[in-house]
Amino acid sequence: MGIFLNRKMPYRFVLDDSNYSHFSSGRVFYSAAGQPAFPVRLASEVFQRCLNILRMDGRTGPLSIFDPCCGGAYHLAVLAFLHGPEIARIAASDADPAVLQTARRNLDLLLPGGLQRRREEIKTLLDQYGKDSHCQALASIDYLQNLLDTGGNIPPVTVCFQANALDRASLQNHISGRQFDLLLTDVPYGLHSQWLLAENLQQPDTSPLYRLLEAVIPFLAPGALAAIASDKGQKAIHERYSRVERFQIGKRKIEILRLLP
């Protein structure tokens, strides 16, 4: 498959700019202070591109996804609602223990009773403050519940843990023996988030992205994809991966890599 950079028509699967208000961060999904929300349309486009590539490679069945820089896991929860039947398992990790509290709450929305618990929270807020936004949030819960029901209502298995994405041993403690079809992550840009470079990980001759790609190799299935969203200044380059696609939307550059044998 050829490499290309398309700035004019980057969307191939999510062609219409739909109203994603039901998925707004902070309405039903929880938001983390200082953490930017990954755009819903872009998350869906990246996932569907990767799904299409893996299907063309002959991979069948729902995918397992790993995000080692998950932040509040908002985008992962959104993907599970939008593409539930195509996702079997989600692993989410981050070096920041505070933001993982938000990640767990978002992923819990996928579990049986998760939306109902959120409904009760919002009802309490509605009783206390009577805001229109709370009424809108309850309507969004109905919408999201319908998505789960029509999708078969079988939630993906989820795991959420603290780990440094650049430290293989840190990841190994939590996902030893597991292999994922897709690594999908929005890496730190330095504005709202930063790479955690522990002293023993300082390698001046390699970039953080290189170290991330190196660290996750044992946890990726043969031929797995790595979809990396970054700013323009970072390059997802590693000798164990080949680039499949690259495109850019706004300030985010998306690179899709395939793990080589």
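Rings of Phe, Tyr and Trp are taken as a pair if their centres lie within 6.5 Å, and a pair counts as stacked when the planes are under 30 degrees apart. All views show a predicted model.

**Figure 1. Aromatic pairs, with Phe66 and Phe161 in close-up.** By this rule the structure has seven aromatic pairs. In one of them, the ring centres of Phe66 and Phe161 are 6.4 Å apart and the planes are at 20°, so the pair is stacked. Phe66 belongs to strand β2 and Phe161 to strand β4 (residues 157–162), so the two rings tie together parts that are 95 residues apart in sequence. Phe66 is buried at 0% relative accessibility, and Phe161 is buried at 3%.

**Figure 2. A cluster of aromatic rings.** Tyr20, Phe23, Phe29, Tyr74, Phe81 and Tyr143 are linked into a cluster by ring pairs.

**Figure 3. Arginines over aromatic rings.** The charged end of Arg49 sits over the ring of Phe247, at 3.9 Å from the ring centre. Arg118 has its charged end over the ring of Tyr30, 4.2 Å from the centre.

**Figure 4. The salt bridge between Asp57 and Arg258.** Twelve salt bridges are present in the structure. One of these joins the side chains of Asp57 and Arg258, with an N to O distance of 3.0 Å. Asp57 lies in the loop between α1 (40–56) and β2 (63–67), while Arg258 is in strand β8 (residues 252–259), so the bridge ties together parts that are 201 residues apart in sequence. Asp57 is partly exposed, its relative accessible area being 42%.

**Figure 5. Two salt bridges involving residues of the 252–255 stretch, and a network elsewhere.** The side chains of Asp186 and Arg252 form a salt bridge, N to O 3.3 Å. Asp186 is in strand β5 (residues 180–186) and Arg252 in strand β8, so this pair ties together parts that are 66 residues apart in sequence. Asp186 is buried, with a relative accessible area of 17%, and Arg252 is buried at 13% relative accessibility. Lys253 bridges to Glu255, with their closest N and O atoms 3.6 Å apart. Both Lys253 and Glu255 are buried. Arg12, Glu45, Arg49 and Glu245 are joined into one network by salt bridges that share partners.

**Figure 6. Helix α1 and the surroundings of Ser44.** The 17 residues of α1 reach 24 Å from the first C-alpha to the last, close to the 24 Å expected at 1.5 Å a residue. Of these 17 residues 13 are buried, so the helix is largely enclosed by the rest of the structure. Ser44, a residue of α1, is buried with a relative accessible area of 5%. Leaving aside residues up to four places away in sequence, Ser44 touches Val14, Leu79, Leu82 and His83. Gly58, just after α1, takes a positive phi of about 95°.

**Figure 7. Helix α7 and the elements that cover it.** Helix α7 (residues 208–215) is mostly covered, with six of its eight residues buried. The buried residues of α7 are Pro208, Leu209, Arg211, Leu212, Leu213 and Ala215. Their cover includes α6 (168–175) and the strands β5, β6 (220–230), β7 (241–249) and β8.

How values were computed: Residues numbered from 1 in each chain as written. Predicted model: local features only at pLDDT ≥ 70, side-chain atom pairs only at ≥ 80, totals over all residues. Heavy atoms only, no water. Salt bridge = Lys/Arg side-chain N within 4 Å of Asp/Glu carboxyl O. Helix = DSSP H or I, 4+ residues; strand = E, 2+ residues; numbered from the N terminus. Buried < 20%, exposed > 50% of the residue type's maximum accessible area, 1.4 Å probe, protein only. Expected span 1.5 Å × (residues − 1). Contact = heavy atoms within 4.5 Å. Phe/Tyr/Trp six-rings, centres within 6.5 Å; stacked < 30°, edge-to-face > 60°. Lys NZ or Arg CZ within 6 Å of the ring centre and 35° of its normal.
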